[in-house]
Amino acid sequence: MSENRESDLLGRVPDGLYIGGEWRPATGGGTFGVTDPSTGEVVKEIADASVEDGVAALDAACEAYESWSRTPARRRAEILRRAFDLLTERKDDVALLMTIEMGKPLGESAGEVTYGAEFLRWFSEEAAHVQGRYGANPEGTGRMIVTQHPVGPCYLITPWNFPLAMATRKIAPALAAGCTMVVKPASQTPLTTLLFTQLLEDAGVPAGVVNVINTSASGKVSEAIITDPRLRKLSFTGSTEVGQKLLAQAAPGVLRTSMELGGNAPFIVFDDADLDKAVDGAIAAKFRNIGEACTAANRFIVHTSVAEEFARRVTERVRAFRTGRGTEEGVTIGPLIDERAVEKADELVRDAVANGATLRVGGEKLDRPGTFYAATVLSDVASGSRILREEIFGPVVAITSFTDEDDAVRIANDTEFGLVGYVYTRDLARGQRMIERLETGMMGLNVGVVSNPAAPFGGWKLSGLGREGGAEGIHEYLQTKYTLTPDPFA
Ligand code: NAP
(Lines give C-alpha, C1' and ligand atoms only; values in the text may rest on other atoms or scores of the structure.)
Protein backbone atom coordinates (compact mmCIF):
# COMPACT_ATOMS: atom_id res chain seq x y z
CA MET A 1 0.00 0.00 0.00
CA SER A 2 1.59 3.28 -1.05
CA GLU A 3 2.30 5.89 1.59
CA ASN A 4 1.16 8.56 -0.88
CA ARG A 5 -2.26 7.01 -1.13
CA GLU A 6 -2.55 6.97 2.67
CA SER A 7 -1.42 10.55 3.14
CA ASP A 8 -3.65 11.76 0.31
CA LEU A 9 -6.63 10.02 1.95
CA LEU A 10 -5.79 11.36 5.42
CA GLY A 11 -5.52 14.84 3.91
CA ARG A 12 -9.05 14.54 2.52
CA VAL A 13 -10.63 13.56 5.85
CA PRO A 14 -12.29 16.60 7.47
CA ASP A 15 -10.63 17.60 10.73
CA GLY A 16 -13.42 19.67 12.27
CA LEU A 17 -16.70 19.24 14.11
CA TYR A 18 -19.79 19.04 11.93
CA ILE A 19 -22.52 21.25 13.40
CA GLY A 20 -25.54 22.71 11.61
CA GLY A 21 -24.19 21.64 8.23
CA GLU A 22 -20.81 23.34 8.71
CA TRP A 23 -17.35 22.08 9.49
CA ARG A 24 -15.86 24.13 12.28
CA PRO A 25 -12.98 24.06 14.75
CA ALA A 26 -13.63 23.43 18.42
CA THR A 27 -14.46 26.44 20.57
CA GLY A 28 -11.09 27.45 22.00
CA GLY A 29 -9.30 25.66 19.16
CA GLY A 30 -8.48 22.42 21.01
CA THR A 31 -7.36 19.36 19.02
CA PHE A 32 -6.36 15.77 19.73
CA GLY A 33 -4.37 13.19 17.80
CA VAL A 34 -5.57 9.95 16.22
CA THR A 35 -3.06 7.10 16.31
CA ASP A 36 -2.33 4.19 13.98
CA PRO A 37 -2.15 1.23 16.41
CA SER A 38 0.18 -0.69 14.10
CA THR A 39 2.90 1.97 14.43
CA GLY A 40 1.94 4.00 17.49
CA GLU A 41 2.22 7.17 15.39
CA VAL A 42 -0.29 10.01 15.32
CA VAL A 43 -1.76 10.18 11.81
CA LYS A 44 -4.03 13.21 12.12
CA GLU A 45 -5.00 15.99 14.54
CA ILE A 46 -8.70 16.77 14.74
CA ALA A 47 -10.95 19.23 16.58
CA ASP A 48 -11.65 18.38 20.21
CA ALA A 49 -15.25 19.32 21.10
CA SER A 50 -15.95 21.05 24.40
CA VAL A 51 -19.20 20.92 26.39
CA GLU A 52 -20.19 24.15 24.63
CA ASP A 53 -19.69 22.49 21.22
CA GLY A 54 -21.75 19.49 22.32
CA VAL A 55 -24.63 21.74 23.32
CA ALA A 56 -24.30 23.67 20.03
CA ALA A 57 -24.62 20.35 18.18
CA LEU A 58 -27.79 19.56 20.12
CA ASP A 59 -29.11 23.08 19.36
CA ALA A 60 -28.62 22.34 15.66
CA ALA A 61 -30.33 18.94 15.92
CA CYS A 62 -33.32 20.52 17.70
CA GLU A 63 -33.57 23.30 15.15
CA ALA A 64 -33.57 20.87 12.20
CA TYR A 65 -36.04 18.49 13.85
CA GLU A 66 -39.34 20.07 12.81
CA SER A 67 -38.46 20.13 9.13
CA TRP A 68 -36.76 16.68 8.98
CA SER A 69 -39.51 14.92 10.90
CA ARG A 70 -42.03 16.30 8.39
CA THR A 71 -39.94 15.37 5.35
CA PRO A 72 -41.84 12.67 3.44
CA ALA A 73 -40.58 9.17 4.22
CA ARG A 74 -39.95 8.53 0.54
CA ARG A 75 -37.59 11.50 0.39
CA ARG A 76 -35.72 10.30 3.48
CA ALA A 77 -35.51 6.85 1.91
CA GLU A 78 -34.03 8.29 -1.28
CA ILE A 79 -31.31 10.14 0.64
CA LEU A 80 -30.43 6.92 2.50
CA ARG A 81 -30.31 5.00 -0.75
CA ARG A 82 -28.03 7.64 -2.26
CA ALA A 83 -25.78 7.31 0.80
CA PHE A 84 -25.66 3.54 0.23
CA ASP A 85 -24.62 4.07 -3.39
CA LEU A 86 -21.93 6.61 -2.45
CA LEU A 87 -20.53 4.38 0.27
CA THR A 88 -20.34 1.50 -2.17
CA GLU A 89 -18.48 3.77 -4.63
CA ARG A 90 -16.09 5.02 -1.93
CA LYS A 91 -15.56 1.62 -0.35
CA ASP A 92 -11.78 1.51 -0.86
CA ASP A 93 -11.16 4.85 0.86
CA VAL A 94 -13.37 4.06 3.84
CA ALA A 95 -11.83 0.60 4.25
CA LEU A 96 -8.27 1.93 4.14
CA LEU A 97 -9.05 4.67 6.64
CA MET A 98 -10.56 2.13 9.03
CA THR A 99 -7.48 -0.06 8.80
CA ILE A 100 -5.24 2.94 9.48
CA GLU A 101 -7.05 4.10 12.62
CA MET A 102 -8.32 0.78 14.00
CA GLY A 103 -5.85 -1.81 12.72
CA LYS A 104 -8.02 -4.58 11.27
CA PRO A 105 -6.77 -6.25 8.05
CA LEU A 106 -7.87 -4.46 4.89
CA GLY A 107 -10.07 -7.34 3.71
CA GLU A 108 -12.00 -7.20 6.97
CA SER A 109 -12.36 -3.43 6.69
CA ALA A 110 -13.81 -3.90 3.19
CA GLY A 111 -16.21 -6.47 4.68
CA GLU A 112 -17.27 -3.94 7.31
CA VAL A 113 -17.96 -1.34 4.61
CA THR A 114 -20.27 -3.81 2.86
CA TYR A 115 -21.96 -4.70 6.15
CA GLY A 116 -22.18 -1.06 7.28
CA ALA A 117 -23.55 0.09 3.92
CA GLU A 118 -26.31 -2.53 4.10
CA PHE A 119 -27.84 -0.69 7.07
CA LEU A 120 -28.29 2.32 4.78
CA ARG A 121 -29.99 0.19 2.14
CA TRP A 122 -32.07 -1.77 4.65
CA PHE A 123 -33.39 1.34 6.41
CA SER A 124 -33.97 3.14 3.11
CA GLU A 125 -36.38 0.28 2.44
CA GLU A 126 -37.89 0.37 5.96
CA ALA A 127 -38.40 4.16 5.96
CA ALA A 128 -41.47 4.02 3.74
CA HIS A 129 -43.00 1.01 5.50
CA VAL A 130 -43.84 2.47 8.88
CA GLN A 131 -47.53 1.85 9.38
CA GLY A 132 -50.33 2.55 11.81
CA ARG A 133 -53.71 0.91 12.61
CA TYR A 134 -57.32 2.02 12.41
CA GLY A 135 -60.31 0.15 13.75
CA ALA A 136 -63.45 0.13 15.86
CA ASN A 137 -63.03 -0.32 19.60
CA PRO A 138 -64.57 -3.58 20.94
CA GLU A 139 -67.54 -1.68 22.40
CA GLY A 140 -68.30 -0.14 19.02
CA THR A 141 -68.48 3.33 20.54
CA GLY A 142 -65.42 4.79 18.88
CA ARG A 143 -62.53 4.44 16.48
CA MET A 144 -58.99 3.70 17.60
CA ILE A 145 -56.16 5.19 15.56
CA VAL A 146 -52.60 4.08 16.26
CA THR A 147 -49.80 6.12 14.67
CA GLN A 148 -46.01 6.13 14.80
CA HIS A 149 -43.94 9.29 15.31
CA PRO A 150 -40.22 9.99 15.40
CA VAL A 151 -38.95 9.98 18.95
CA GLY A 152 -37.11 13.34 18.65
CA PRO A 153 -33.47 14.49 18.77
CA CYS A 154 -31.10 11.59 19.51
CA TYR A 155 -27.59 11.18 20.89
CA LEU A 156 -25.64 8.32 19.31
CA ILE A 157 -22.38 7.08 20.87
CA THR A 158 -20.25 4.54 18.99
CA PRO A 159 -17.26 2.35 19.94
CA TRP A 160 -13.90 1.98 18.19
CA ASN A 161 -14.09 -1.68 17.16
CA PHE A 162 -16.46 -1.27 14.17
CA PRO A 163 -16.00 2.43 13.37
CA LEU A 164 -18.32 2.44 10.36
CA ALA A 165 -20.95 -0.23 10.99
CA MET A 166 -21.77 0.85 14.54
CA ALA A 167 -22.39 4.35 13.19
CA THR A 168 -24.57 3.34 10.23
CA ARG A 169 -26.52 0.87 12.41
CA LYS A 170 -27.69 3.88 14.47
CA ILE A 171 -27.69 6.76 11.98
CA ALA A 172 -29.64 4.93 9.25
CA PRO A 173 -32.70 3.94 11.35
CA ALA A 174 -32.72 7.35 13.06
CA LEU A 175 -32.75 9.10 9.67
CA ALA A 176 -35.38 6.70 8.33
CA ALA A 177 -37.65 7.38 11.31
CA GLY A 178 -37.36 11.17 10.91
CA CYS A 179 -35.07 11.87 13.85
CA THR A 180 -32.21 14.36 13.98
CA MET A 181 -29.06 13.55 15.90
CA VAL A 182 -25.72 14.28 17.49
CA VAL A 183 -23.16 11.55 16.83
CA LYS A 184 -20.11 10.98 19.03
CA PRO A 185 -17.57 8.54 17.60
CA ALA A 186 -14.97 6.85 19.82
CA SER A 187 -11.96 9.12 20.30
CA GLN A 188 -9.63 6.36 19.04
CA THR A 189 -11.39 5.97 15.67
CA PRO A 190 -13.24 9.18 14.73
CA LEU A 191 -11.83 9.54 11.21
CA THR A 192 -14.13 6.97 9.59
CA THR A 193 -17.18 8.81 10.97
CA LEU A 194 -15.83 12.14 9.73
CA LEU A 195 -15.33 10.78 6.20
CA PHE A 196 -18.78 9.16 6.34
CA THR A 197 -20.33 12.46 7.47
CA GLN A 198 -18.95 14.15 4.38
CA LEU A 199 -20.63 11.40 2.36
CA LEU A 200 -23.98 12.01 4.11
CA GLU A 201 -23.69 15.68 3.18
CA ASP A 202 -23.04 14.66 -0.45
CA ALA A 203 -26.05 12.33 -0.32
CA GLY A 204 -28.31 15.28 0.53
CA VAL A 205 -28.80 15.04 4.30
CA PRO A 206 -29.92 18.60 5.20
CA ALA A 207 -27.96 20.85 7.55
CA GLY A 208 -28.48 20.14 11.25
CA VAL A 209 -29.97 16.67 10.78
CA VAL A 210 -26.69 14.85 11.53
CA ASN A 211 -24.15 16.64 13.75
CA VAL A 212 -20.83 15.09 14.68
CA ILE A 213 -18.66 15.89 17.68
CA ASN A 214 -15.28 14.29 18.25
CA THR A 215 -13.99 14.78 21.73
CA SER A 216 -11.32 13.62 24.12
CA ALA A 217 -13.69 14.50 27.00
CA SER A 218 -16.54 12.02 26.31
CA GLY A 219 -17.74 11.96 29.90
CA LYS A 220 -18.27 15.69 30.39
CA VAL A 221 -19.53 16.43 26.89
CA SER A 222 -21.95 13.47 26.92
CA GLU A 223 -23.37 14.22 30.34
CA ALA A 224 -24.30 17.74 29.25
CA ILE A 225 -26.15 16.37 26.22
CA ILE A 226 -27.80 13.42 27.98
CA THR A 227 -29.14 15.55 30.81
CA ASP A 228 -30.45 18.26 28.46
CA PRO A 229 -34.29 18.06 28.55
CA ARG A 230 -34.49 18.55 24.76
CA LEU A 231 -32.84 15.19 24.09
CA ARG A 232 -35.32 12.32 23.66
CA LYS A 233 -33.20 9.27 22.88
CA LEU A 234 -29.79 7.84 23.73
CA SER A 235 -28.30 4.98 21.72
CA PHE A 236 -24.99 3.62 22.99
CA THR A 237 -22.66 0.84 21.89
CA GLY A 238 -19.74 0.11 24.14
CA SER A 239 -18.80 -1.46 27.43
CA THR A 240 -21.38 -2.50 30.02
CA GLU A 241 -19.61 -0.37 32.61
CA VAL A 242 -20.04 2.88 30.64
CA GLY A 243 -23.54 1.83 29.54
CA GLN A 244 -24.63 1.52 33.17
CA LYS A 245 -23.32 5.03 33.92
CA LEU A 246 -25.18 6.46 30.95
CA LEU A 247 -28.42 4.71 31.92
CA ALA A 248 -28.21 6.42 35.31
CA GLN A 249 -27.69 9.79 33.57
CA ALA A 250 -30.65 9.07 31.28
CA ALA A 251 -33.01 8.15 34.12
CA PRO A 252 -34.07 11.63 35.31
CA GLY A 253 -35.09 12.58 31.75
CA VAL A 254 -36.81 9.17 31.26
CA LEU A 255 -34.97 8.93 27.95
CA ARG A 256 -35.63 6.18 25.47
CA THR A 257 -32.39 4.16 25.45
CA SER A 258 -30.80 1.49 23.30
CA MET A 259 -27.78 -0.21 24.86
CA GLU A 260 -25.51 -2.56 22.90
CA LEU A 261 -23.05 -3.67 25.55
CA GLY A 262 -20.41 -6.28 26.29
CA GLY A 263 -20.53 -10.02 25.62
CA ASN A 264 -19.02 -13.29 26.81
CA ALA A 265 -20.16 -15.65 24.07
CA PRO A 266 -20.12 -19.40 24.64
CA PHE A 267 -19.15 -21.57 21.65
CA ILE A 268 -20.41 -25.09 22.34
CA VAL A 269 -19.21 -28.07 20.33
CA PHE A 270 -21.12 -31.34 20.90
CA ASP A 271 -19.60 -34.75 20.25
CA ASP A 272 -21.80 -35.24 17.16
CA ALA A 273 -20.72 -31.93 15.54
CA ASP A 274 -19.12 -31.76 12.12
CA LEU A 275 -15.66 -30.90 13.46
CA ASP A 276 -14.37 -29.35 10.22
CA LYS A 277 -17.28 -26.93 10.22
CA ALA A 278 -16.94 -26.28 13.95
CA VAL A 279 -13.26 -25.37 13.49
CA ASP A 280 -14.08 -23.03 10.58
CA GLY A 281 -16.82 -21.45 12.69
CA ALA A 282 -14.49 -21.13 15.66
CA ILE A 283 -11.86 -19.30 13.63
CA ALA A 284 -14.48 -16.87 12.30
CA ALA A 285 -16.22 -16.39 15.66
CA LYS A 286 -12.94 -15.78 17.47
CA PHE A 287 -10.53 -14.05 15.11
CA ARG A 288 -12.84 -11.80 13.09
CA ASN A 289 -11.85 -8.23 13.97
CA ILE A 290 -8.73 -9.52 15.81
CA GLY A 291 -11.07 -10.86 18.49
CA GLU A 292 -12.21 -7.31 19.26
CA ALA A 293 -15.92 -7.93 18.69
CA CYS A 294 -18.77 -8.03 21.19
CA THR A 295 -19.92 -11.18 19.35
CA ALA A 296 -16.48 -12.84 19.59
CA ALA A 297 -16.55 -16.38 20.97
CA ASN A 298 -15.06 -15.98 24.44
CA ARG A 299 -15.45 -19.48 25.93
CA PHE A 300 -15.03 -22.62 23.82
CA ILE A 301 -17.04 -25.29 25.63
CA VAL A 302 -16.21 -28.58 23.91
CA HIS A 303 -17.38 -32.14 24.66
CA THR A 304 -14.58 -34.08 26.39
CA SER A 305 -14.52 -36.73 23.65
CA VAL A 306 -13.61 -34.18 20.92
CA ALA A 307 -11.86 -31.46 22.96
CA GLU A 308 -8.31 -32.64 22.20
CA GLU A 309 -8.92 -32.99 18.46
CA PHE A 310 -10.71 -29.62 18.34
CA ALA A 311 -7.81 -27.92 20.16
CA ARG A 312 -5.28 -29.59 17.85
CA ARG A 313 -7.04 -28.46 14.69
CA VAL A 314 -7.64 -24.89 15.90
CA THR A 315 -3.97 -24.63 16.94
CA GLU A 316 -2.86 -25.81 13.52
CA ARG A 317 -4.96 -23.11 11.86
CA VAL A 318 -3.69 -20.42 14.22
CA ARG A 319 -0.06 -21.34 13.55
CA ALA A 320 -0.64 -20.40 9.90
CA PHE A 321 -1.88 -16.88 10.73
CA ARG A 322 0.17 -13.88 9.70
CA THR A 323 0.33 -10.93 12.07
CA GLY A 324 1.20 -7.43 10.85
CA ARG A 325 -0.07 -4.06 9.70
CA GLY A 326 -3.55 -4.51 8.22
CA THR A 327 -2.51 -3.01 4.89
CA GLU A 328 0.12 -5.72 4.24
CA GLU A 329 -0.70 -8.55 1.87
CA GLY A 330 -1.78 -11.77 3.58
CA VAL A 331 -2.08 -10.34 7.11
CA THR A 332 -4.84 -12.01 9.13
CA ILE A 333 -4.18 -10.50 12.57
CA GLY A 334 -3.62 -6.77 13.04
CA PRO A 335 -2.66 -4.85 16.18
CA LEU A 336 -4.93 -4.48 19.20
CA ILE A 337 -6.35 -1.01 19.71
CA ASP A 338 -3.91 0.09 22.44
CA GLU A 339 -1.43 -0.94 25.11
CA ARG A 340 -4.19 -1.44 27.67
CA ALA A 341 -5.84 -4.05 25.43
CA VAL A 342 -2.51 -5.89 25.06
CA GLU A 343 -1.97 -5.85 28.83
CA LYS A 344 -5.48 -7.19 29.43
CA ALA A 345 -5.08 -10.09 26.98
CA ASP A 346 -1.72 -10.94 28.48
CA GLU A 347 -3.03 -10.83 32.05
CA LEU A 348 -5.92 -13.14 31.21
CA VAL A 349 -3.61 -15.62 29.49
CA ARG A 350 -1.15 -15.62 32.39
CA ASP A 351 -3.96 -16.10 34.91
CA ALA A 352 -5.34 -19.07 32.91
CA VAL A 353 -1.91 -20.70 32.68
CA ALA A 354 -1.33 -20.16 36.41
CA ASN A 355 -4.62 -21.99 36.96
CA GLY A 356 -3.43 -25.00 34.95
CA ALA A 357 -4.35 -24.23 31.32
CA THR A 358 -2.12 -25.60 28.53
CA LEU A 359 -0.63 -22.90 26.29
CA ARG A 360 -0.55 -24.39 22.77
CA VAL A 361 0.56 -21.39 20.74
CA GLY A 362 1.13 -17.64 21.25
CA GLY A 363 0.75 -16.18 24.69
CA GLU A 364 2.99 -13.16 24.28
CA LYS A 365 3.14 -9.53 23.25
CA LEU A 366 5.05 -9.03 20.03
CA ASP A 367 8.34 -7.20 20.19
CA ARG A 368 7.76 -4.65 17.45
CA PRO A 369 6.32 -1.13 17.17
CA GLY A 370 2.55 -0.94 17.61
CA THR A 371 0.31 -2.86 19.98
CA PHE A 372 0.42 -6.47 18.81
CA TYR A 373 -0.49 -9.63 20.71
CA ALA A 374 0.19 -13.08 19.27
CA ALA A 375 -2.79 -15.22 18.28
CA THR A 376 -3.10 -17.65 21.17
CA VAL A 377 -4.72 -21.00 21.94
CA LEU A 378 -5.25 -22.27 25.50
CA SER A 379 -6.82 -25.63 26.29
CA ASP A 380 -7.91 -27.30 29.54
CA VAL A 381 -8.82 -23.90 30.95
CA ALA A 382 -9.94 -24.39 34.55
CA SER A 383 -13.29 -23.06 35.73
CA GLY A 384 -12.65 -20.05 37.94
CA SER A 385 -10.05 -18.63 35.51
CA ARG A 386 -10.65 -14.95 34.80
CA ILE A 387 -10.61 -15.59 31.04
CA LEU A 388 -13.92 -17.47 31.31
CA ARG A 389 -15.64 -14.63 33.16
CA GLU A 390 -14.25 -11.51 31.47
CA GLU A 391 -14.56 -10.29 27.90
CA ILE A 392 -11.14 -11.05 26.30
CA PHE A 393 -11.40 -8.64 23.34
CA GLY A 394 -8.28 -10.08 21.75
CA PRO A 395 -7.03 -13.02 19.63
CA VAL A 396 -7.12 -15.65 22.37
CA VAL A 397 -8.96 -18.99 22.22
CA ALA A 398 -9.83 -20.45 25.65
CA ILE A 399 -11.01 -24.06 25.53
CA THR A 400 -12.76 -25.82 28.38
CA SER A 401 -14.76 -29.06 28.29
CA PHE A 402 -18.09 -30.62 29.37
CA THR A 403 -19.61 -34.08 29.66
CA ASP A 404 -23.36 -33.74 29.05
CA GLU A 405 -25.90 -31.31 27.67
CA ASP A 406 -27.06 -29.98 31.05
CA ASP A 407 -23.45 -29.35 31.95
CA ALA A 408 -22.89 -27.41 28.71
CA VAL A 409 -25.98 -25.27 29.32
CA ARG A 410 -24.98 -24.57 32.91
CA ILE A 411 -21.47 -23.46 31.91
CA ALA A 412 -22.75 -21.38 28.96
CA ASN A 413 -25.33 -19.52 31.07
CA ASP A 414 -22.95 -18.97 33.98
CA THR A 415 -22.26 -15.33 33.06
CA GLU A 416 -23.99 -12.01 33.60
CA PHE A 417 -23.73 -11.38 29.82
CA GLY A 418 -26.14 -12.69 27.18
CA LEU A 419 -25.34 -11.33 23.73
CA VAL A 420 -24.78 -14.35 21.49
CA GLY A 421 -24.14 -18.09 21.74
CA TYR A 422 -22.78 -20.53 19.15
CA VAL A 423 -23.73 -24.21 19.05
CA TYR A 424 -22.38 -26.97 16.82
CA THR A 425 -24.38 -30.21 16.66
CA ARG A 426 -25.90 -32.44 13.98
CA ASP A 427 -28.86 -33.31 16.21
CA LEU A 428 -31.79 -31.07 15.23
CA ALA A 429 -33.77 -31.57 18.43
CA ARG A 430 -30.70 -30.81 20.53
CA GLY A 431 -30.12 -27.65 18.49
CA GLN A 432 -33.72 -26.59 19.15
CA ARG A 433 -33.33 -27.30 22.87
CA MET A 434 -30.26 -25.08 22.91
CA ILE A 435 -32.21 -22.24 21.24
CA GLU A 436 -34.66 -22.47 24.14
CA ARG A 437 -32.09 -22.92 26.90
CA LEU A 438 -29.27 -20.45 26.12
CA GLU A 439 -29.78 -17.08 27.78
CA THR A 440 -28.65 -14.96 24.81
CA GLY A 441 -30.32 -12.49 22.47
CA MET A 442 -28.77 -14.16 19.41
CA MET A 443 -27.56 -17.61 18.47
CA GLY A 444 -25.52 -19.19 15.70
CA LEU A 445 -26.59 -22.80 15.14
CA ASN A 446 -23.77 -24.40 13.13
CA VAL A 447 -22.53 -20.96 12.00
CA GLY A 448 -19.80 -18.73 13.45
CA VAL A 449 -20.99 -15.25 12.37
CA VAL A 450 -24.58 -14.09 12.92
CA SER A 451 -24.59 -10.35 12.20
CA ASN A 452 -26.95 -9.24 9.44
CA PRO A 453 -28.62 -5.85 8.90
CA ALA A 454 -31.96 -7.60 8.33
CA ALA A 455 -31.81 -9.30 11.76
CA PRO A 456 -32.54 -7.88 15.24
CA PHE A 457 -29.11 -7.53 16.84
CA GLY A 458 -28.99 -7.21 20.62
CA GLY A 459 -28.48 -8.89 23.96
CA TRP A 460 -30.11 -10.21 27.12
CA LYS A 461 -28.96 -9.62 30.69
CA LEU A 462 -26.03 -7.17 31.03
CA SER A 463 -25.47 -7.27 27.26
CA GLY A 464 -28.06 -4.62 26.64
CA LEU A 465 -31.47 -3.23 25.87
CA GLY A 466 -33.23 -2.84 22.52
CA ARG A 467 -32.40 -4.12 19.06
CA GLU A 468 -30.53 -2.72 16.08
CA GLY A 469 -31.27 -3.81 12.52
CA GLY A 470 -34.17 -5.90 11.28
CA ALA A 471 -37.78 -4.77 11.34
CA GLU A 472 -37.25 -3.93 15.03
CA GLY A 473 -34.42 -1.43 14.37
CA ILE A 474 -36.55 1.50 13.20
CA HIS A 475 -38.95 1.14 16.14
CA GLU A 476 -36.17 2.13 18.51
CA TYR A 477 -36.51 5.60 16.94
CA LEU A 478 -40.31 5.75 16.81
CA GLN A 479 -42.93 6.34 19.48
CA THR A 480 -46.53 5.23 19.40
CA LYS A 481 -49.61 7.41 19.71
CA TYR A 482 -53.11 6.07 20.23
CA THR A 483 -56.03 8.38 19.42
CA LEU A 484 -59.70 7.70 20.16
CA THR A 485 -62.46 9.35 18.12
CA PRO A 486 -66.24 8.90 18.51
CA ASP A 487 -68.17 6.40 16.41
CA PRO A 488 -68.67 8.37 13.15
CA PHE A 489 -72.11 6.71 12.68
CA ALA A 490 -73.45 7.65 16.10
P1 NAP B 1 -16.31 2.10 25.88
O2 NAP B 1 -15.05 2.46 26.56
O3 NAP B 1 -17.53 1.88 26.68
O4 NAP B 1 -16.53 3.28 24.81
C5 NAP B 1 -17.61 3.30 23.93
C6 NAP B 1 -17.97 4.72 23.61
O7 NAP B 1 -18.37 5.39 24.80
C8 NAP B 1 -16.83 5.55 23.05
O9 NAP B 1 -17.36 6.46 22.12
C10 NAP B 1 -16.30 6.27 24.27
O11 NAP B 1 -15.65 7.46 23.99
C12 NAP B 1 -17.59 6.55 24.99
N13 NAP B 1 -17.43 6.78 26.42
C14 NAP B 1 -16.50 6.28 27.27
N15 NAP B 1 -16.73 6.73 28.52
C16 NAP B 1 -17.81 7.54 28.45
C17 NAP B 1 -18.56 8.28 29.40
N18 NAP B 1 -18.21 8.33 30.69
N19 NAP B 1 -19.63 8.98 28.98
C20 NAP B 1 -19.99 8.96 27.68
N21 NAP B 1 -19.34 8.27 26.73
C22 NAP B 1 -18.26 7.56 27.11
O23 NAP B 1 -16.18 0.80 24.99
P24 NAP B 1 -15.08 0.46 23.92
O25 NAP B 1 -13.87 -0.01 24.61
O26 NAP B 1 -14.94 1.56 22.93
O27 NAP B 1 -15.80 -0.72 23.13
C28 NAP B 1 -15.68 -2.02 23.52
C29 NAP B 1 -16.94 -2.50 24.20
O30 NAP B 1 -18.05 -2.30 23.35
C31 NAP B 1 -16.91 -3.99 24.47
O32 NAP B 1 -17.41 -4.27 25.75
C33 NAP B 1 -17.85 -4.56 23.40
O34 NAP B 1 -18.43 -5.78 23.73
C35 NAP B 1 -18.85 -3.47 23.28
N36 NAP B 1 -19.54 -3.55 21.99
C37 NAP B 1 -20.82 -3.98 21.99
C38 NAP B 1 -21.50 -4.11 20.80
C39 NAP B 1 -22.91 -4.58 20.78
O40 NAP B 1 -23.55 -4.38 19.77
N41 NAP B 1 -23.42 -5.19 21.84
C42 NAP B 1 -20.87 -3.80 19.59
C43 NAP B 1 -19.54 -3.37 19.62
C44 NAP B 1 -18.89 -3.24 20.85
P45 NAP B 1 -14.05 7.58 24.11
O46 NAP B 1 -13.53 6.84 22.97
O47 NAP B 1 -13.78 9.02 24.04
O48 NAP B 1 -13.67 6.97 25.42
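## Exercises on the ligand site and the pockets

An N or O atom in the side chain of arginine 169 lies 2.8 Å from an oxygen atom of the ligand. The structure is a predicted model, and the exercises below work through its ligand surroundings and its two largest pockets.

**Exercise 1.** Determine which side chains, including that of arginine 169, place an N or O atom within 3.5 Å of a ligand oxygen atom.

*Solution.*
1. The cut-off for a polar contact is 3.5 Å between N or O atoms.
2. For arginine 169, the distance to a ligand oxygen atom is 2.8 Å.
3. For tryptophan 160, a polar side-chain atom is 2.9 Å from an oxygen atom of the ligand.
4. For glutamate 260, a side-chain N or O atom and a ligand oxygen atom are 3.4 Å apart.
5. On its own the ligand has 900 Å² of accessible area, and the protein covers 86% of that area.

**Exercise 2.** Describe the residues that surround the ligand.

*Solution.*
1. The ligand is surrounded by 30 residues.
2. Thr158, Trp160, Ser218, Ser239 and Glu391 are the closest of these.
3. Trp160 and Ser239 are also among the residues nearest the centre of the largest pocket.

**Exercise 3.** Characterise the largest pocket by volume, lining and contributing elements.

*Solution.*
1. The space in the largest pocket amounts to about 1300 Å³.
2. Its lining comprises 38 residues, with Trp160, Gly238, Ser239, Val242 and Arg340 nearest the centre.
3. Two or more lining residues come from each of helix H8 (218–226), strand E10 (233–237), helix H9 (240–250) and helix H12 (339–354).
4. Helix H9 contributes the most, namely six residues.
5. Sorted by class, the lining holds 15 nonpolar, 13 polar and ten charged residues.
6. Domain 1 (3–261 + 464–480) and domain 2 (265–452) each supply at least three residues to this lining.

**Exercise 4.** Characterise the second largest pocket by volume, lining and residue class.

*Solution.*
1. The volume of the second largest pocket is about 240 Å³.
2. Its lining residues include Arg299, Ser383, Gly384, Arg389, Thr400, Arg410 and Asp414.
3. Helix H13 (386–389), strand E16 (396–402) and helix H14 (405–413) are the elements that give two or more residues to this lining.
4. The class count for the second largest pocket is two nonpolar, five polar and four charged residues.

Terms used. Residues numbered from 1 in each chain as written. Predicted model: local features only at pLDDT ≥ 70, side-chain atom pairs only at ≥ 80, totals over all residues. Heavy atoms only, no water. 1 Å grid on protein atoms, 1.4 Å probe; cavity = no way out; pocket = protein on both sides within 12 Å on 5 of 7 lines; lining within 4 Å. Points joined across faces, edges and corners; volume = space filled by probe spheres on them. Helix = DSSP H or I, 4+ residues; strand = E, 2+ residues; numbered from the N terminus. Nonpolar A, V, L, I, M, F, W, Y, C, P; charged D, E, K, R; others polar. Domains from an automatic or database assignment. Near = heavy atom within 4 Å. Polar contact = N/O pair within 3.5 Å; in protein donor to acceptor, adjacent residues only side chain to side chain. Areas by Shrake-Rupley, 256 points an atom, 1.4 Å probe, with all protein chains shown as cover.
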